[in-house]
Structure formats: C-alpha cells, structure tokens
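User: Hi! Could you walk me through some side-chain and helix contacts in this one?

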Amino acid sequence: MQIAGNTSGVEQFNSLINSSFVPLKISTEQDEPFVGRTSAEPADDVMFTEVVARPHLVERTPETIAAGGSGFYKVSLMLSGSSILVQDGREIVLRAGDLSVYDTSRPYSLLFDQDFRNLIMMFPKDSLELPIPFTEQLTATSLNAEHQGLAPVITAFLSQFPTQLAPLDERLRAKLAHTSLDLMSTLFSSILDADPAQRDPHQVMLQKITSYIELNLGSPTLSPGSIAGAHFISTRHLHALFKQSGSTVSTWIRERRLERCRTDLLDPVLADRTVSAIASRWGFPDAAHFSRVFKSTYGVAPSEFRHM
C-alpha cells in the first residue's frame, strides 16, 4: 500500500512530513513558491519514504521531541541535490549517493540548499542487532566514507524503494524490510569494528558478546554463565555491561530469539516447517511457553501471525 502526498506551501508540507515521520519543524527563506511531495511504502516495521521538495530547513527540536517519535533511526540516502546534516556536535555535507543516519531521540537539523530527492528508511531503534549506544557514534557521519566497500551495495539496494515495493504482497515486503535491517546492522558493525583501539573497551567487549550471542542463539546451553565463561569475565561483569546499554542479558537473548522466530515465520521457504520446530531451532524448546512469550511481545499467537 503506497502512501503519497503532494503539497504547495511550507505549512502544508510540514503537516505532511509530520504525518510521514515524526514531529518536525520546517521553514524556508526562499521567495519562490514552495512545493514538495512524498511517496512512502510501509514494510513490516520499516517505512521507506521518498521526499522531493524545494530548498528548506528541517529541525528536530526539544519541543518536537517532546511531542513524540523518539524511538527511531532514520537512514538517509540522497538521490539528487545536497543537504547539511547536524547532530551530536557533528556536521556533514551530503550529496547524491551519500548515506547517513540520525536519531529521532535527540535534536538534529537538515538544511536542503537546492531542489532535491531524498530516500529515508525509518525503523525502530531496537530493530538492529547492535546495542543502541553503539550507533550514537555514527550519527551525522558519512557511512560511505566509513565503509567504501559495503555502503555502495546498500545504496544500490535501497535506491529501488519505495516504488518497487508497491506491487509486492505484505510477506515479501516484510522479507525485504528485514534484509534492509540486516544490511544496516552489517554496515554499522563493520564500521564500528574498523578501529576498536579508539573505542571504549567496554563497548568493544559488549559488541563481541552480542555477536557471540547472535551466533549461538539456537544453543540450548546459551546462558549468562556460558557467555561470561566464553569471554573470560564474571557474570557480574557481564550483567553490568548490559545494564550500561539499558538492557539485560536475558532480555537481549529473548528479544533476538523472538526476532529470529518472527523472521522465519514470515519466510515462505520455511512454510512447511512447524511453528514448534522454528521455536526449537531458536532456543524455545517448550512450544507453549514460546507461544505465550510471542503473543505477549507481538500481540498475536505465532500460528495466527504466520497466517494473518
């Protein structure tokens, strides 16, 4: 289902953008009439939106943050034109083909100084496989410059959205959304691994641990004790690391396992695999317990989710 809008006038455009993303403040100093349009396609929890407009300034202010929408990352791909992104004390000029990320929980500004086309991929912050504090190092940076090998692959993939999502059914759109999130997780992880000597050693250790958890999600022996032992630290130290990231070890494991199950339930290739088999594959040997946890998290039983 494609969501589109065309406006003339900054105030109308501001309302359109607020309904498409999160509350924002838009202004312009241009004398010529203002025109802008958006085209959006939802895919599971991800929204792909193309914005085409005349020059203007976008601000995420303390007032607009208080109005809601703090739980998202926005990945921006400039398709044409240019902009200046400012967040967390960093400033970057973005041109066609440039990829960047910003966080809706903190103030930012985007100045578009000429007519432009911009693709924005917006998704919940907890969708990534990385603890949230890691990505704070990447806001308002050039992801292309940080990883010249992988970024072009991702930009080529994202540049096809949202128009090519429109004819696809919900299941296929969800698969592509998860592929997009996996690509972003891979890109962020690769950039953060590039120079660990310059990073907080606690964050380096936490990332190693979360990677270890991801590789061992299906293991029935995965536990705080086994994780601590594999990294030669105490369980107390392990719990402290996760507390600093705003989570717990058990919560992290459960959420990642549920997300893997959710992805498999959406996969048409696995349609002949039972719900209990999928649950067991990702560390939920008790089918009844899995069903309760899944429904508590996603609001629907796994069998209903699969056939919804």
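User: Which residue lies over the face of F21?

Analyst: That's K74, at 4.3 Å from the ring centre of F21. Keep in mind that this is a predicted model.

User: Sure. How many aromatic pairs does a search of the whole structure find?

Analyst: The search turns up 11 aromatic pairs. One of them is F48 with F161, a tilted pair with 4.7 Å centre to centre and 55 degrees between the planes.

User: Where do F48 and F161 sit in the chain?

Analyst: They link distant parts of the chain, 113 residues apart. F48 belongs to strand β4 (residues 46–53), while F161 is in the loop between α5 (151–158) and α6 (170–193).

User: And is F161 buried or exposed?

Analyst: F161 has a relative accessible area of 5%, which is under 20%, so F161 counts as buried. F48 is buried too, with a value of 0%.

User: Nice. Which rings are linked into a cluster?

Analyst: Ring pairs join F284, F290, F294, Y298 and F305.

User: Switching to helices: how do the axes of α10 and α12 cross?

Analyst: Helix α10 (residues 249–266) and helix α12 (residues 287–298) cross at roughly 90 degrees, and their axes come within 11 Å. That crossing makes α10 roughly perpendicular to α12.

User: Which residues make the contact?

Analyst: From α10 there are R254, L258, E259, C261, R262 and L265, and from α12 there are F290, V293, F294, T297 and Y298. By class, this contact has seven nonpolar, one polar and three charged residues.

Conventions: Residues numbered from 1 in each chain as written. Predicted model: local features only at pLDDT ≥ 70, side-chain atom pairs only at ≥ 80, totals over all residues. Heavy atoms only, no water. Axes fitted to C-alpha atoms, helices over the stretch in contact; angles between N-to-C directions. Helix = DSSP H or I, 4+ residues; strand = E, 2+ residues; numbered from the N terminus. Parallel < 35°, antiparallel > 145°, perpendicular 65-115°, else oblique. Contact = heavy atoms within 4.5 Å. Nonpolar A, V, L, I, M, F, W, Y, C, P; charged D, E, K, R; others polar. Phe/Tyr/Trp six-rings, centres within 6.5 Å; stacked < 30°, edge-to-face > 60°. Buried < 20%, exposed > 50% of the residue type's maximum accessible area, 1.4 Å probe, protein only. Lys NZ or Arg CZ within 6 Å of the ring centre and 35° of its normal.
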